[in-house]
Amino acid sequence: MTDTRTGNDTPKAVVLVSGGLDSATVLAMAKERGYAIHAMSFDYGQRHRCELEAARAVAAAAGVVAHKRITLNLDEIGGSALTDTAIAVPEQPGEGIPVTYVPARNTVFLALALGWAEVLGAESIFIGVNAVDYSGYPDCRPEFIEAFNRLSAVATKAGVEGRPIRIETPLIHLSKAEIIREGVRLGVDYGLTVSCYNPDEDCRACGRCDACRLRAAGFEAAGVPDPTRYQTD
Ligand code: ZN
């Protein structure tokens, strides 16, 4: 595909890239829409480094204009199995919102993305939240995104001057299988991505956590070979 929107008038978008399957797909979708991509990742005190290494690889493979990594010590707040090593990552599905929920994580991430988007003069922020095959996190739901869009319109100079930065969530109503098929169509290399909450030192997936289960079921339902490296391989 020839990119004809390479001049200075190319619209910009900030894309939150976690290193997982969903954000890699969103990155490819934003690129297809013709945006100059400014990727943003967070070192937020998560248990493992694998997702940040994956985020770097995914952004590099997509040829982003810039990739900013912000360090946040959300582990000082704790309260999640992903930021507090004293809380175990569950290996069986449970009731309600799981302990892998990170308190207010997407609120914090989107607030920083909103600030960077305003500095860049970006039109949109893309985030790979999904409310179909997901873990039930409140900050992945449509009502959260709608509320953040209302916030964006009143919280920024761009917003009050009539150019609100939009939060775009192209995956929100897609199944995991639909997300994977869309990514395959766009040439996403899912072998670069890491979804597991509990990978080993070689970044191989556990195959048992919530994220691993959703991901494996998605590849199976999509009829696409699963490129994930598992610890049992
Ligand atoms: Zn896992």
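Cys-209 is buried, since its relative accessible area is 1%, and Cys-196 likewise counts as buried at 2% (buried being under 20% relative accessible area with a 1.4 Å probe, protein chains only). The model is predicted, so local features need pLDDT of at least 70 and side-chain atom pairs count only at pLDDT 80 or more, while totals for chains, interfaces and linings use all residues. Residues are numbered from 1 along each chain as its sequence is written, and side-chain values use heavy atoms, with hydrogens and water left out.

Both cysteines serve a zinc ion, whose protein donors are the SG atoms of Cys-196, Cys-206, Cys-209 and Cys-212, at 2.3 to 2.4 Å (donors being N, O and S atoms within 2.8 Å of the metal, or 3.2 Å for Na, K and Ca). The arrangement is tetrahedral because the 4 donor atoms subtend angles of 102 to 118° around the zinc ion; four donors qualify if all angles lie between 85 and 135 degrees. Along the sequence, the spacing of the donor residues reads C-x9-C-x2-C-x2-C. Cys-196 and Cys-209, 13 residues apart, are both in the loop between α6 (176–185) and α7 (210–222) (helices being DSSP runs of H or I, at least four residues, numbered from the N terminus).

Elsewhere, helix α3 (residues 105–120) packs against helix α4 (residues 142–155) at an angle of about 35°, the axes lying 12 Å apart; axes are lines fitted to C-alpha atoms over the stretch in contact, and angles run from 0 to 180 degrees between N-to-C directions. Asn-106, Thr-107, Leu-110, Ala-111 and Leu-114 of α3 meet Phe-144, Ile-145, Phe-148 and Ser-152 of α4, contact meaning heavy atoms within 4.5 Å.

Terms used
Tetrahedral: all angles 85-135°; square planar, octahedral: opposite > 155°, others 65-115°. Helix = DSSP H or I, 4+ residues; strand = E, 2+ residues; numbered from the N terminus. Buried < 20%, exposed > 50% of the residue type's maximum accessible area, 1.4 Å probe, protein only.
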